[in-house]
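Visitor: I should like to learn how to read the features of a structure. May we begin with the way a chain is divided?

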Amino acid sequence: MLDRIKSVEAEAQNEISKASDLRALDNLRIRYLGRRGLIAELFKQVANLPNEARPKTGSELNSLKGKIEGLLKTRQVALSKGSILSEEVVDLTLPGFKPPIGTRHPIINTIDKICEIFLGMGFKIVEGPEVETEFYNFEALNIPLDHPSRDMFDTFYIKGEYLLRSHTSPVQIRFMEEEKPPFKIVVPGKVYRPDAVDASHSFMFHQVEGLVVGKDVTFADLKGALKVFVKEYFGEKVRMRFRPHYFPFTEPSAEVDISCIICGGSGCSVCGRKGWLEILGCGMVHLGVFRAVKYNPEEITGYAFGMGVERIAMLKYGISDIRLFFENDMRFLEQFK
Amino acid sequence: MKASYNWLKDYINIRLKPNDLADRLTMAGLEVKSVDGRGGDFIFEIEVTSNRPDCLGIYGIAREIQGIFGLNLKPIKAGSLKNVRLQKPPIKIEDRKGCLRYVGRVIAGIEVQASPKWLVDKIESAGLRPVNNIVDITNFCLLELGQPLHAFDYDRLAGGEIIVRKARQGEEIVTIDGIKRRLDGSVLVIADAEKAVAIAGVMGGKDAEVTSSTKRVLLESAYFDPPRIRRASKGLGISTESSYRFERGVDLEGLLSASNRAASLICDLAKAKAISQPTDVGIKKTKKAEINLRISKANKILGMDIAISKYAAILKRLDLKVKQKGKDSLEIAVPSFRGDLKEEIDLIEEIVRLYGYDKVPETLTKITIWGKGRQKSDDKIIEDLIRQGLVELGLNEVITYGLGSVDSYTKKLNFNDDQLLKVKNPLSSEAEILRPSLLPGILGVVAYNMNRKITDLRIFELGNSYFCKEKGTPYERSTLAIALCGMRAKDWQKKEEIDIFDLKGIVEALFKKLGISKYEFVTKPAPLLASSVSSIIRIGGKDIGVLGKLDRVILDGYDIKDSVFISELDIKSIMPHIKLECTFRKLPKFPSIIRDISLIVDEKVSNSEIATLIKEACGDLVVSIKPFDLYRGEQVPKGSKSILYSIEYRAPDKTLTDEEVNDFDRKLRTVLTERLHAKIR
């Protein structure tokens with residue numbers, strides 16, 4: 001009998017230490033300490049023993065019961081610490097409960113990313129109205145009435161002198177009328193042009209404009225600032241080139257190309273086999289613009305640049321249809337964070 | 001402009017292959033869009049910018065090539081004219097502002113026939129259609145020199161004379177395309193003694209057109225005022241090779257040589273028997289630009305250090321007259337064909353584009369310290385905060401078009417037609433008015449997604465809506481629209497339908513983010529909203545927005561079956577109430593005591609009435625009144641509801657005792673029973 005008690009003790013020790021969760025532990029409790037458990041069985045057998053053996057066996061059994069209770073308790077504490085969930089079976093391959101995650105629109109996202117680079121170079125963000133006048137949209141920007149340069153800026157007219165701005169450049173004028181140089185600003189915003197909507201055209205789109213005016217601002221500085229932008233936004237490997245162009249409000253003017261981000265410059269369908277992608281227009285602020293805001297062009301110089309946000313985003317993400325931005329399919333929007 | 005590689009070689013010895021030449025032209029500012037090989041020739045499609053009308057002729061492009069490479073341009077030799085014995089035609093310019101110079105001459109005894117092959121090839125290389133030798137010769141000169149010419153059948157000109165004048169109001173002319181056109185008084189015409197025979201600079205008239213039976217022509221070479229031609233061309237909706245060039249400005253001093261060039265070709269190819277001296281009226285010379293170019297100034301603007309000799313060499317290659325004046329300065333005389341070169345900066349541009357933009361260094365401004373003050377305006381900070389706040393609350397941002405159709409506002413949303421701000425030159429009926437509300441756009445997004453089985457939507461748009469002031473001045477206003485519909489996903493096991501309190505919670509959370517505390521949701525029917533779930537949002541006594549459930553009729557217009565909850569807020573009006581600064585209040589020193597109270601009140605009694613009464617009864621010691629259960633059903637009489645409130649009391653200067661709070665509790669029970677007939681459990 002005493003041997004039997006020892007073997008039960010060893011068995012209990014072994015089994016309890018191996019119990020992997022509270023449920024298993026509970027089963028062991030029933031097996032050993034339950035009303036019909038092993039200990040209870042052994043106590044029953046004590047009655048059959050000779051009288052002189054009963055007290056010793058009884059006390060041994062009591063001490064075994066105490067030991068097992070202790071072992072169960074210790075194990076229970078250990079298991080509970082390890083995992084409060086271990087009472088149930090948990091399948092952690094099931095999805096978590098996600099709080100809803102919103103996304104900013106990819107265009108807003110792109111505007112912010114562009115602006116951030118210029119903010120890092122000491123620019124500040126300035127905005128202006130979308131409903132504009134002839135003066136700010138055209139005349140002050142050296143685009144006279146009945147001049148062929150107006151062909152570059154088809155415009156929605158509202159009434160009288162009012163129109164929907166066809167570029168963000170009017171903000172240059174509004175800012176310079178109020179402020180004195182030196183300054184560096186970027187101007188994000190919505191613009192409108194009467195273009196029929198298709199995969200690459202939209203009558204509404206967004207631009208980011210830049211303007212830097214001060215003493216000794218040079219064409220080389222413009223190239224330097226845009227180089228920083230191109231490398232930061234499109235990556236270190238991307239090359240940039242300035243190509244002469246004409247804009248009424250800058251002189252000298254340039255269109256800026258980057259080496260094709262798809263083919264790296266060897267020529268593909270995205271870059272029309274040219275190896276280059278046009279991304280923005282820029283130049284030194286035209287004297288006519290300075291005169292319109294009563295700055296003295298002998299004392300200061302400046303540069304300006306402007307880019308289409310949709311185009312930049314389309315190139316960056318490889319989006320081939322501009323309409324996706326304004327259809328707002330959630331499956332599209334939720335790809336951007 | 002299409003330019004033939006072979007034709008260019010008539011004027012300049014090009015050693016480069018066509019594609020390499022195209023690259024060099026592009027990098028000098030004459031962008032070659034494409035190069036097409038065609039029967040031993042290569043056709044360059046060149047984008048000539050509007051400041052360079054001199055490059056709207058092959059010879060001008062050849063001069064540009066000279067500018068790039070320094071090759072020698074060959075002069076064009078007009079053949080000598082024989083049998084110059086006809087009388088000069090009478091020509092009168094009545095509108096001297098519209099026509100600065102007119103050169104006209106008569107050529108007689110011509111034979112109108114098909115052009116020789118070399119001429120047909122040239123005409124076709126530029127994408128024009130050969131007509132007959134006379135017309136082809138005028139087109140040849142247009143393409144070669146950029147000077148449009150026109151030949152009239154001289155025998156069809158009444159009185160044998162030319163008058164350049166304004167059209168008579170309502171004067172009619174049938175142009176060579178066979179269309180009868182009515183002219184207004186601003187259009188410049190070429191007329192004979194009786195009638196208009198051409199719309200000056202735009203298109204000739206059918207009456208005096210050169211035909212196979214024409215024997216005598218009057219050859220016109222003229223300079224018309226560019227804005228006048230542009231207005232006429234736009235007004236009549238006709239754009240021609242001629243109008244395109246006149247709009248941009250032709251070479252006033254080149255009229256006579258263009259006339260001579262064409263006349264000699266006509267004599268040669270149409271076997272003319274006699275010719276007149278030209279009648280040349282108007283201004284013969286332009287005011288020559290004499291520009292002083294300061295090398296130090298130029299280098300300073302460019303951020304480069306180019307030697308004066310280099311400057312001089314480049315400018316000479318453009319056929320400009322260059323004289324050095326001192327160490328730092330060049331005196332430049334600009335020929336008449338470069339009307340775009342008016343001041344110093346224009347020359348600086350010429351220098352740098354021919355020197356090579358690629359040679360300009362990339363420097364960073366020495367002015368990084370200019371970043372004075374804040375990077376963003378308050379308005380921008382607030383808009384960023386709104387976006388950030390709503391995105392954090394799990395909403396997706398959308399952007400919809402700022403222009404919409406009249407129907408979407410009048411028929412679907414019950415706007416009055418006369419409230420709408422219309423575009424004068426709309427592109428289509430889809431984009432004819434400036435939106436006065438963001439709701440049609442956002443509902444369009446809901447419908448679009450629902451059609452694609454995406455039905456749980458939490459979206460917002462922040463953008464301008466547009467209105468008209470009383471005087472009719474249009475203006476814009478920053479507006480926020482939010483829409484919710486579908487299920488509120490707590491987790492993947494439990495889904496519940498979104499309701500109006502989800503939306504209200506979002507708006508309230510946004511207000512908290514913006515530091516707005518004094519707002520009210522006034523239950524009140526608002527346009528577009530279901531009358532039972534509709535409220536006006538009020539801040540500082542002003543209505544700044546609406547919140548509610550969209551009316552079924554409106555949703556039906558968009559084929560939306562589910563309930564949609566929307567809010568539209570006038571951000572411009574909210575701006576003054578926004579507090580960006582945070583204020584610090586000391587944390588309370590003494591504990592609070594919470595008492596719950598359960599009321600049964602009539603359905604019509606609102607939470608805000610109850611809260612106001614409690615506040616009145618107990619004063620400032622009540623720090624919060626929170627409803628935490630709302631029940632309608634069997635336990636409660638019909639027409640009533642049971643609400644549980646948790647009321648928190650705290651004094652700033654001591655710990656409240658149970659007795660004190662019990663007093664308040666009794667007081668408010670009395671007030672609620674007396675004033676609202678509430679049953680308190």
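Guide: Domain bounds are taken from an automatic or database domain assignment. Here, chain A is assigned domain 1 (2-82) and domain 2 (106-333), and their centres, taken over C-alpha atoms, are 83 Å apart. This is a predicted model, in which local features need pLDDT of at least 70 and side-chain atom pairs count only at pLDDT 80 or more, while totals for chains, interfaces and linings use all residues. Residues are numbered from 1 along each chain as its sequence is written, with chains lettered from A and ligands numbered from 1 in the order in which they are written.

Visitor: Into which domains is chain B divided?

Guide: The assignment for chain B gives domain 1 (2-69), domain 2 (84-282), domain 3 (290-359), domain 4 (378-577) and domain 5 (593-680). Between the centres of domain 2 and domain 4 of chain B, again over C-alpha atoms, lie 60 Å.

Visitor: How should one read a sheet, and in what order do the three strands of the open sheet in chain B stand?

Guide: Helices (H or I, at least four residues) and strands (E, at least two) are DSSP runs numbered from the N terminus, and two strands pair if DSSP finds at least two bridges between them. In chain B the order is β1-β3-β2, with antiparallel pairing. Strands β1 (2-4) and β2 (31-38) of chain B are at the edges with a single partner strand each, so one side of each has no neighbour in the sheet. Seven bridges join β2(B) to β3 (residues 41-47) of chain B; B:G37, for example, has B:F42 in β3(B) as its bridge partner.

Visitor: How many residues does each chain bring to the contact between chains A and B?

Guide: Two residues are in contact if their C-beta atoms, placed from the backbone, lie within 7 Å. Chain A contributes 70 residues and chain B 75 residues. On the side of chain A that touches chain B, helix α8 (residues 219-234) of chain A supplies the largest share, seven residues.

Visitor: Is B:I516 buried, exposed or partly exposed?

Guide: A residue is buried if 20 or more other C-beta atoms lie within 10 Å of its own, exposed if 12 or fewer, and partly exposed in between. B:I516 is partly exposed, because 17 other C-beta atoms lie within 10 Å. B:I516 sits in the loop between α15 (500-513) and β28 (519-523) of chain B. Leaving aside residues up to four places away in sequence, B:I516 touches B:F511, B:I539, B:I574, B:H577 and B:I578.
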